[in-house]
Amino acid sequence: MKNPFKFGTIVEGEYFTDRTEELESIKQLLNSDNHLILISPRRFGKSSLVKKAVTQVARPCISLNLQMVVSVEGLAAMILKEVFKLHPWEKLKHLLSSFRVVPTISTTPSGEAIDITFQATTDATVLIEDALQLVEKVSEKGESMVVVFDEFQELMGLDKGIDKRLRAIIQTQRHVNYIFLGSQESMMTEIFERKRSPFYRFGVLMHLDRIPHSNFSQYISERLSDNFVSKVNVVEQILATTRCHPY
């Protein structure tokens, strides 16, 4: 039989299981003016859960994986690239004229891919501020955007004091929901629960746990063929071995 399970990437549709309570909580939050901090070990399905919630509330969304950037300039460029995926150049080009450091924008001959770079500057804060203000301006004129920072704890390695500067920018915005995902619990707790941290209690804190045994058992059983020999025993063996770890 064809493998009835998908793992290692974001899963949707029939491959997504459970998380009904967490899903409803995130959807309610996205319909408010609050932000979300979601913490769990890697491969627990944070990104899949958030994507499903954003899809169901029908909100535009950009996702930024901080493991993929090594500088503040790179983060600012990533923000712009993701915004350009949602909005055409003609809609945004007049907004770029207000940038204090003008980005270099190039496209492939087919126009399907876009590359954005910033020159290094002594004050990289202006790059992030201009990029996130673009997100705010776009949201003011249309549907409020959701910005997902994946592996947010990696931010601390980009530049000294970047958390303080980013917090100062985000706290003034009124049309964007931010979701901060993290897999290193100690670092995420330090960022959002330490009283002297700029991001102290900045949003609703949620911990994602393993999928409950009964729900996971039912899902696996439904995905396996009825002709599967000793299906019940196999399901129990799987869950006993993995201890209900989603991956």
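Helices and strands are taken here as DSSP runs, with at least four residues for a helix and at least two for a strand, and they are numbered from the N terminus. The exercises below concern a predicted model.

**Exercise 1. Describe the protein chain as a whole before turning to its parts.**

Solution. Begin with the secondary structure, where the protein chain has nine helices and seven strands. Next take the extent, for the C-alpha trace spans about 65 × 50 × 30 Å along its principal axes. Then consider burial and surface: 45% of the 247 residues count as buried, while the protein chain exposes about 13,400 Å², of which carbon and sulfur atoms supply 49%. Finally, turn to charge, where 30 positive and 30 negative side chains are present and the centres of the two sets lie 2 Å apart.

**Exercise 2. Determine which strands pair with β6, and in which sense.**

Solution. Start with strand β1, residues 36–39, which pairs with β6 in the parallel sense over four bridges; within this pairing, I39 stands opposite G182. Continue with strand β5, residues 145–150, which also pairs with β6 in the parallel sense, over five bridges, and here M145 stands opposite V176. To follow the connection, trace the chain from β5 through helix α6, residues 162–170, to β6, a β-α-β crossover that is right-handed.

**Exercise 3. Work out which residues of β6 point one way and which the other, and whether they are buried or exposed.**

Solution. First recall that in a regular strand the side chains alternate between the two faces of the sheet. Applying this to β6, one finds that V176, Y178, F180 and G182 point one way, whereas N177, I179 and L181 point the other way. The cut-off for buried is under 20% relative accessible area, and seven of the seven residues in β6, which covers residues 176–182, are buried.

**Exercise 4. Place I37 in its strand and describe its surroundings.**

Solution. The residue I37 is found in strand β1. Because its relative accessibility is 1%, I37 counts as buried. Setting aside neighbours within four places in sequence, I37 is in contact with F180, M188, F192, F202, G203, V204, L205 and M206; one of these, F180, belongs to the set of β6 residues that includes V176, Y178 and G182 and points one way from that strand. A further distance can be added, since I37 and D150 are 113 residues apart in sequence and 10 Å apart in space, C-alpha to C-alpha. For the protein chain in general, residues 24 or more positions apart account for 75% of the contacts with a separation of 6 or more.

How values were computed: Residues numbered from 1 in each chain as written. Predicted model: local features only at pLDDT ≥ 70, side-chain atom pairs only at ≥ 80, totals over all residues. Heavy atoms only, no water. Buried < 20%, exposed > 50% of the residue type's maximum accessible area, 1.4 Å probe, protein only. Pairing = 2+ DSSP bridges. Right-handed = clockwise from strand over helix to strand, strands pointing away. Contact = heavy atoms within 4.5 Å. Areas by Shrake-Rupley, 256 points an atom, 1.4 Å probe, with all protein chains shown as cover. Lys, Arg positive; Asp, Glu negative; His and termini not counted. Charge placed at Lys NZ, Arg CZ, Asp CG, Glu CD.
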